[in-house]
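The following exercises concern burial, packing and charged pairs in one protein model. Please work through each task with the structure at hand before reading its solution.

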Amino acid sequence: MVTEAGDHEAMTYSNVVLVVIDGLRPDAISPEVMPGLHQLGHHFWRARSAVTIRPSITVAALTSLATGVGPDTHTLIRPGLGSLPALRNIRPLPRELQRMGIETTVVMGELSGSGRLIASTLLRLAGIQRLVAPPGRASRVVAEALGELDPGLRRFTIVYLDGADRAGHRSGWMSPSYLEAAWEIDLALAPLFSAALEESSLLLVTA
């Protein structure tokens, strides 16, 4: 995998890590709440005017992220298998990477029986080879993601963290519980940030 640095020198990465922090507001990324992510944003490239799709629902946004098309095309708005026929006509990024010999793994929190079945079906259709969903908090998810970093392999790893989203829906956005969840995510991500930089991986963080 190759990207262009600021000085136009080509750089090759064996590992690309995409961290998706569901429900994270930009004003939560402060030195007090998320010092690690705040510092990362000041030292590396960042998008200042990124916007989400509409409706800004998790399933719709994640599908657009994976496919590059909007909800009007992929039609996946709510969790379920009803949109499978429409998904067969689009080209998700992991499926294209699979054709290039690049494996995609999704690492996320624990799923229930039915939730895991639906997620596994959709992910396989998208071309994702592995789903890792350990029990526990954000730190456990990040620990599993660290195990996916291997300079000897070409790999795309998606790390999905939903603690802030769940806290926001439960207690309100920017509530004490929400800010605590954001702080926990930032603390958990510190080892992944360090490892990705040391392994010359390409690290992307979005919400």
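Buried means under 20% relative accessible area, exposed over 50%, and partly exposed in between (1.4 Å probe, protein chains only). The model is predicted, so local features need pLDDT of at least 70 and side-chain atom pairs count only at pLDDT 80 or more, while totals for chains, interfaces and linings use all residues. Residues are numbered from 1 along each chain as its sequence is written, and side-chain values use heavy atoms, with hydrogens and water left out.

**Exercise 1.** Determine where Thr105 is found and which residues it is in contact with, leaving aside neighbours within four places in sequence.

Solution. Step one: Thr105 belongs to strand S4; helices (H or I, at least four residues) and strands (E, at least two) are DSSP runs, numbered from the N terminus. Step two: Thr105 counts as buried because its relative accessibility is 0%. Step three: contact means heavy atoms within 4.5 Å. Beyond its neighbours within four places in sequence, Thr105 is in contact with Ile128, Arg130, Val132, Glu148, Phe156, Thr157 and Ile158.

**Exercise 2.** Identify the members of the largest nonpolar core that touch the most other members, and the element that gives the most to this core.

Solution. Step one: a nonpolar core is a set of buried Ala, Val, Leu, Ile, Met, Phe, Trp, Tyr and Cys residues joined through side-chain atoms within 4.5 Å. Step two: the largest such core has 31 residues, of which Val19, Leu24, Val159, Leu161, Ile185, Leu189 and Leu192 touch the most other members. Step three: two or more residues come from each of S3 (15–21), H1 (35–43), H7 (138–146), S6 (155–161), H8 (163–171) and H9 (176–198). H9 gives the most, with 10 residues. Step four: apart from this core lies another, of 14 residues, including Val16, Leu97, Ile128 and Ile158.

**Exercise 3.** Establish which residues of H7 are buried and what they pack against.

Solution. Step one: the buried residues in H7 are Ala138, Val141, Val142 and Ala145. Step two: viewed down the axis of H7, they fall within an arc of 95°, so they line one face of the helix; the arc is that of the directions from the helix axis to the C-beta atoms. Step three: an α-helix has 3.6 residues a turn, so residues three or four places apart point the same way. Step four: the buried residues of H7 pack against S4 (103–107), S6 and H9.

**Exercise 4.** Find which residues are joined into one network by salt bridges that share partners.

Solution. Step one: a salt bridge is a side-chain nitrogen of Lys or Arg within 4 Å of a carboxyl oxygen of Asp or Glu, and by this rule the count comes to 9. Step two: Glu103 forms a salt bridge with Arg155, with the closest N and O atoms 4.0 Å apart. Glu103 lies in S4 and Arg155 in S6, so this pair ties together parts that are 52 residues apart in sequence. Glu103 is partly exposed at 26% relative accessibility, whereas Arg155 is buried at 11%. Step three: Glu148 forms a salt bridge with Arg130, the closest N and O atoms being 2.8 Å apart. Glu148 lies in the loop between H7 and S6 and Arg130 in S5 (residues 130–132), so this pair ties together parts that are 18 residues apart in sequence. Glu148 is buried, at 6%; Arg130 is partly exposed, at 35%. Step four: salt bridges with shared partners join Glu103, Arg130, Glu148 and Arg155 into one network.
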